Amino acid sequence: MTRLLSLFRPGLAALCVAAMFATHANAAPAFVPAPDHGQPTALVQSDCYAIGQQVAEQKGGTLARASQSTKGGQPVCVIVVLVPGKDGQRPRRTEIVVPLN
């Protein structure tokens, strides 16, 4: 009898987990539209990345980070560039704020 129960216990647990996932899958909406803020976020981030690559090339360093922010009500890109140090020293971290326009 105990052997029979030990065989059913994992099967019952798996059935409960499968039922739980099935109910959550049916309860979730099929499509949730993204809120419209005027500009797609992905395009802004890619623009900041492209601007960051140009700035890094001008400074002679490598792009560490490019992110969008708002300063004074205006959209800007905050660019972080690592500029190689002199005489084998570690790179300098330079933060540049560029208007998004």
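Here is a walk through this structure, from overall confidence down to single residues.

Keep in mind that what you're looking at is a predicted model. Across the protein the pLDDT averages 76, and 54% of the residues score at least 70. That confidence isn't spread evenly. Helix α1, residues 2-27, has the lowest mean, at 57, while β2 has the highest, at 95. A good place to begin, then, is β2 and its partners.

Find the sheet. It's an open one, built from 3 strands in the order β1-β2-β3, with antiparallel pairing. The edges are taken by β1 (62-71) and β3, and each of these has a single partner strand, so one side of each has no neighbour in the sheet. If you ignore direction, neighbouring strands here are turned by 20° against each other on average. Now zoom in on β2 and β3: the two run antiparallel and are joined by 8 bridges. To see one pairing for yourself, pick out Val 78, whose bridge partner in β3 is Val 97.

Follow the chain from β2 (74-83) to β3 (92-99) and you'll cross a loop, where Asp 87 sits. Its backbone is worth a look: phi of Asp 87 is near 55°, which is a positive value in a residue other than glycine. Is Asp 87 buried or exposed? Its relative accessible area is 82%, and exposed means over 50%, so Asp 87 counts as exposed.

From that loop, turn to the protein's interior. Nonpolar side chains in soluble globular proteins tend to be buried together. In this model, the largest nonpolar core has 11 residues, among them Ile 51, Val 55, Ile 79, Val 81, Ile 96 and Leu 100. Which elements each supply at least two residues of this core? They are α2 (41-59), β2 and β3.

Two more members of that core are Cys 48 and Cys 77, and these two deserve a stop of their own. They are joined by a disulfide, with 2.0 Å from S to S. The bond connects distant parts of the chain: Cys 48 lies in helix α2 and Cys 77 in strand β2, 29 residues apart. Both cysteines, Cys 48 and Cys 77, are buried. Why is this disulfide called left-handed? Because the torsion about the S-S bond of Cys 48 and Cys 77 is about -75°. If you go looking for others, the count for this model comes to 1 disulfide.

Terms used:
Residues numbered from 1 in each chain as written. Predicted model: local features only at pLDDT ≥ 70, side-chain atom pairs only at ≥ 80, totals over all residues. Heavy atoms only, no water. Helix = DSSP H or I, 4+ residues; strand = E, 2+ residues; numbered from the N terminus. Buried < 20%, exposed > 50% of the residue type's maximum accessible area, 1.4 Å probe, protein only. pLDDT = per-residue confidence, 0-100. Pairing = 2+ DSSP bridges. Axes fitted to C-alpha atoms, helices over the stretch in contact; angles between N-to-C directions. Core = buried A, V, L, I, M, F, W, Y, C linked by side-chain atoms within 4.5 Å. Disulfide = S-S within 2.5 Å.
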